[in-house]
Amino acid sequence: MDGFDGKRAYEQVAKQVSFGPRPAGSAALGQLQNYMETELKSYGCAVETDSFSADTPAGRLPMKNIVVKIPGEKPGIILLGTHYDTKRLENFVGADDGGSSTGVMLEIARVLCGQKQARKYAVWIAFFDGEEAVNKEWVDPDNRYGSREMAARLAVNGDLSKVRAFLLADIVGGRTPHFKRDGESTGWLKDMVWGVAERLGYGNVFVKEKTNFGGDDHYSFTARHVPSADIMDLDPADVPYWHTPEDTMDKISAKSLAIVGHTILESVKELQQK
Ligand SMILES: [Zn+2]
């Protein structure tokens, strides 16, 4: 598993859920932000934050992206991402949607920030605020507030052209995960990640079937021509609890989190060779 501990990732999901519903701009999300920053620093990660305000259907909301930056020796960035806000719905705690991928990325940060050997390219891990639409329906521009902010900022400061690949995870913690190949993700990067998963014995999880999600944080980067791939399970057969109050801890599997974490860590290794 390359040092990735599925049980630790699971505990990170439980910790997030313990803060309750965490929509953008909420006090609970502020508590989670403080927790994540403290936790990431305890791993030895260099942590940068970008606080901004976003105009939403609910008015202007304070939001914050949190980015771990692990340096590399050559110019080039391998970007990983997750959103940590939860959908604005009553009694919605987002164990899988918001919690699972953030648990995976916190655990990946623990592993990578703990490795002392030099690496070729930098690895950045972005924790996005405001992925969820404030309104019930997902209609641009009411979604992806955090990833849009980060992509725009990187375009302005010149770092965007250094991003060699962006791997996004979202809704990855269910008990019967099937990650289909998303039509908006970049071909060679999908081939690479799904090939890595197959080699690791996860071909029954990273399946060959195709799908179209209709939107996620990678759109903020594909729109700017950054090679991107989204690992997500939105199949109603697997996640009937999606965007309902039933998205709770009992839906989460430590094994699924480990499969995703392992696949991403191996994919990062492969991207370091390119
Ligand atoms: Zn969602």
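**Note on helix 3 and the zinc site**

1. Helix 3 and helix 7 are oblique to each other, since their axes cross at roughly 50 degrees and come within 10 Å. This is a predicted model, and in it helix 7 covers residues 254-273, while the crossing of the two helices is right-handed.

2. On the side of helix 3, the residues that meet helix 7 are Ser100, Val104, Met105, Ile108, Val111 and Leu112, and their partners in helix 7 are Leu257, Val260, Gly261, Ile264 and Leu265. Sorted by class, this contact of helix 3 with helix 7 holds nine nonpolar and two polar residues, with no charged residues.

3. Helix 3 (residues 95-113) also packs against helix 1 (residues 6-18), at an angle of about 130 degrees and with the axes 8 Å apart; helix 1 and helix 3 are therefore oblique as well, and helix 1 passes helix 3 in a right-handed crossing. Helix 1 contributes Arg8, Ala9, Gln12, Val13, Gln16 and Val17 to the contact, whereas the residues from helix 3 include Gly98, Gly99, Gly103, Glu107 and Arg110. By class, the contact of helix 1 with helix 3 has six nonpolar, seven polar and three charged residues.

4. The zinc ion has protein donors from Asp97 (OD), Glu132 (OE, listed twice) and His243 (NE2), at 1.8 to 2.8 Å from the ion, and along the chain these donors follow the spacing D-x34-E-x110-H. Asp97 lies in helix 3 and Glu132 in the loop between strand 4 (122-128) and helix 4 (145-157), so that this pair, 35 residues apart, links distant parts of the chain.

5. The arrangement around the zinc ion is irregular, because the four donor atoms subtend angles of 52 to 150 degrees.

How values were computed: Residues are numbered from 1 along each chain as its sequence is written. This is a predicted model: local features need pLDDT of at least 70, side-chain atom pairs count only at pLDDT 80 or more; totals for chains, interfaces and linings use all residues. Side-chain values use heavy atoms; hydrogens and water are left out. Axes are lines fitted to C-alpha atoms, for helices over the stretch in contact, and angles run from 0 to 180 degrees between N-to-C directions. Helices (H or I, at least four residues) and strands (E, at least two) are DSSP runs, numbered from the N terminus. Angles under 35 degrees count as roughly parallel, over 145 as roughly antiparallel, 65 to 115 as roughly perpendicular and the rest as oblique. A crossing is left-handed if the near helix is turned anticlockwise from the far one by less than a right angle, and right-handed if clockwise. Contact means heavy atoms within 4.5 Å. Ala, Val, Leu, Ile, Met, Phe, Trp, Tyr, Cys and Pro count as nonpolar, Asp, Glu, Lys and Arg as charged, and the others, Gly among them, as polar. Donors are N, O and S atoms within 2.8 Å of the metal (3.2 Å for Na, K and Ca); water is not among the atoms, so sites may look incomplete. Four donors count as tetrahedral if all angles lie between 85 and 135 degrees; four count as square planar and six as octahedral if opposite donors are over 155 degrees apart and all others between 65 and 115; anything else is irregular.
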